[in-house]
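Work through the exercises below with the sequence and the model side by side, and try each task before you read its solution.

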Amino acid sequence: MRRYANVQMNDVQIIMMRLIMEFTHQHIKTRKHLHIRTFAHPHIHAIFAVMNILILGSGGRESAFAWKLAQSAKCDKLFIAPGNAGTPQYGTNVNIKVTDFEGIKQFVLAKGINLVLVGPEEPLVKGVHDFFLADEQLKNIPVIGPQAEGAQLEGSKDFSKQFMQRNNIPTAASRTFTRDTLQEGMAYLATAGLPVVLKADGLAAGKGVLICTSLQEAQLELAEMLTEAKFGEASSKVVIEQFLQGIELSVFVLTDGNSYKILPEAKDYKRIGEGDTGLNTGGMGSVSPVPFADAAFMQKVEERVVIPTVNGLKKEGIPYKGFIFIGLMNTQGEPWVIEYNCRMGDPETESVMPRIESDFVDLLQGVAEGTLHEKELIISSKTAATVVCVAGGYPGEYMTGQAITGLDNMRGSHVFQAGTARQGEDVIATGGRVLAVTSLQDDMFAALQQATADAARIYYDGMNFRKDIGFDLL
Ligand code: AMP
């Protein structure tokens with residue numbers, strides 16, 4: 001007799017069970033459109049390896065995760081906390097904040113959640129994974145996303161720069177200063193070339209990076225960041241960094257702490273205005289694949305950045321199960337790391353998920369169980385393009401509460417909702433980035449054209465979107 005998924009069974013029974021499992025997975029797959037879900041008992045859950053999954057977050061990224069996970073025969077019940085007006089298409093919304101760890105615990109236990117996928121960085125940096133590991137009742141429930149120590153790759157620019165330097169990962173030369181070393185920082189700026197980059201050490205809602213073109217501006221900003229807390233506690237330390245010239249792209253790695261898979265790369269568009277002009281935003285669109293990230297470039301990325309990063313974490317005893325988002329600059333064909341994030345990007349996820357053909361629940365299970373090396377990652381050769389529809393006024397103070405029409409008018413795209421809520425019969429805009437319209441097509445031109453045309457089929461007061469997403473890549 002052996003224990004299998006907590007049930008006593010002999011070898012013959014185990015073989016029978018596995019045969020039934022295989023048959024049932026096929027059965028579920030073929031009847032999935034009927035939404036037939038049959039397993040309720042926790043032991044049966046484990047034996048059949050179907051899971052109840054909780055996604056934390058509410059943006060377009062979490063919509064894309066939910067869309068992808070809901071397609072898996074291994075996903076039984078899917079919950080999104082807190083979700084948005086679009087996520088009930090894929091699962092059930094739960095009104096819990098991503099940083100309400102106690103509320104998450106109660107829900108996870110009540111609903112028999114078998115896996116938690118963390119979307120945004122805040123709960124990771126605040127230690128949601130550590131909270132699970134420290135709790136007797138939660139410690140065996142896998143969380144996808146690093147513990148607070150690993151999340152420092154994003155939570156502290158100083159930590160990530162030191163990590164890269166220790167592990168010989170190509171990155172811009174830099175030094176870190178505090179209020180106590182402000183005068184040294186001023187002197188360092190006088191010797192640094194221009195432009196020069198100033199980065200608040202901590203999380204600053206994507207606003208903590210300044211590119212200064214004159215010494216006077218740089219010194220003024222450094223003083224404001226360190227002595228006047230320009231970005232609050234986040235700028236109590238400032239990294240001063242050499243400016244890198246080139247084209248940016250985002251590379252995504254999924255790791256179980258030992259092995260890794262490189263997910264489809266993407267390019268995102270940060271500026272509000274067409275032709276990459278105007279203020280920075282959370283992201284106005286994305287495209288995957290990125291033509292200049294050819295096999296030769298990606299090989300350099302893997303050898304010089306991905307492998308040393310995963311090995312560096314391991315060597316330094318930093319546990320890491322989750323995504324590593326590597327922001328890269330391609331400088332004349334050479335990759336340089338601009339930043340790490342400890343989660344997937346938004347709106348990149350909306351272009352990355354549609355290109356993953358493998359069962360994503362199976363891959364996440366590989367991360368949870370440390371068997372990622374046994375899993376296969378199949379990537380579509382098609383192009384995914386995402387156009388983000390934002391609220392009037394964004395990225396400044398923006399309008400909210402407008403009813404959205406045209407969501408059902410898509411001709412060749414899927415809408416991943418982001419800053420939306422339900423109000424009676426209406427879907428209304430509630431956030432700066434309201435919707436992400438994604439099209440997956442055989443060639444890049446068709447994908448860009450379709451996503452842009454479908455975005456134009458949506459309407460709400462003040463709506464804005466860029467009509468040039470990805471056209472620079474053609
Ligand atoms: P980060 O928050 O580190 O991603 O920085 C935000 C943005 O600032 C990046 O996406 C780049 O466009 C730009 N940036 C950051 N560091 C550098 C650098 N060393 N050289 C050039 N641009 C940079």
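The exercises that follow concern a predicted model, and they treat its ligand, two helix pairs and a few backbone details in turn.

**Exercise 1. Surroundings of the ligand**

Find which residues come nearest to the ligand, and describe the shell around the ligand by residue class and by element.

Solution. Begin with the list of neighbours: there are 13 residues around the ligand, and those that come nearest are E241, Q242, L244, E248 and E339. Next, look at individual atom pairs, where an oxygen atom of the ligand is 2.4 Å from an N or O atom in the side chain of E248, and an oxygen atom of the ligand is 2.7 Å from an N or O atom in the side chain of E339. With L244 the partner is a polar backbone atom, which lies 2.8 Å from a nitrogen atom of the ligand. Then consider the cover: on its own the ligand has 470 Å² of accessible area, and the protein covers 83% of that. The elements that give two or more residues to the shell are β9 (196–200), β10 (209–212), β11 (237–242) and β17 (334–341). Finally, sorting the shell by class gives 7 nonpolar, 1 polar and 5 charged residues.

**Exercise 2. Two helix pairs**

Determine how α7 is oriented relative to α8, and how α3 and α13 are oriented to each other.

Solution. For the pair of α7 (residues 148–155) and α8 (residues 157–166), the axes come within 6 Å and cross at roughly 95 degrees. Because angles of 65 to 115 degrees count as roughly perpendicular, α7 is roughly perpendicular to α8. The contact is made by E149, Q152, L153 and G155 of α7 together with K157, F159, S160 and F163 of α8, and these residues divide into 3 nonpolar, 3 polar and 2 charged.

For α3 (residues 60–69) and α13 (residues 360–369), the axes come within 8 Å and cross at roughly 105 degrees, and these two helices are therefore also roughly perpendicular to each other. Here F65, K68 and L69 of α3 meet F360, V361 and L364 of α13, a contact with 5 nonpolar, no polar and 1 charged residues.

**Exercise 3. Backbone details**

Locate the cis peptide bond from S288 to P289, and say where D276 is found.

Solution. The bond from S288 to P289 is cis, with omega near 5 degrees, and P289 has its place in the loop between β15 (277–288) and α11 (295–315). Turning to D276, its phi is near 55 degrees, a positive value in a residue other than glycine, and D276 is found in the loop between β14 (267–273) and β15. Most residues other than glycine have a negative phi, and most peptide bonds are trans.

Definitions and conventions:
Residues are numbered from 1 along each chain as its sequence is written. This is a predicted model: local features need pLDDT of at least 70, side-chain atom pairs count only at pLDDT 80 or more; totals for chains, interfaces and linings use all residues. Side-chain values use heavy atoms; hydrogens and water are left out. A residue is near a molecule or strand if one of its heavy atoms lies within 4 Å of it. A polar contact is a pair of N or O atoms within 3.5 Å; within protein, one must be able to donate a hydrogen and the other to accept it, and residues adjacent in sequence count only if both atoms are side-chain atoms. Accessible areas come from the Shrake-Rupley method with a 1.4 Å probe; for residues, only the protein chains shown count as cover. Helices (H or I, at least four residues) and strands (E, at least two) are DSSP runs, numbered from the N terminus. Ala, Val, Leu, Ile, Met, Phe, Trp, Tyr, Cys and Pro count as nonpolar, Asp, Glu, Lys and Arg as charged, and the others, Gly among them, as polar. Axes are lines fitted to C-alpha atoms, for helices over the stretch in contact, and angles run from 0 to 180 degrees between N-to-C directions. Angles under 35 degrees count as roughly parallel, over 145 as roughly antiparallel, 65 to 115 as roughly perpendicular and the rest as oblique. Contact means heavy atoms within 4.5 Å.
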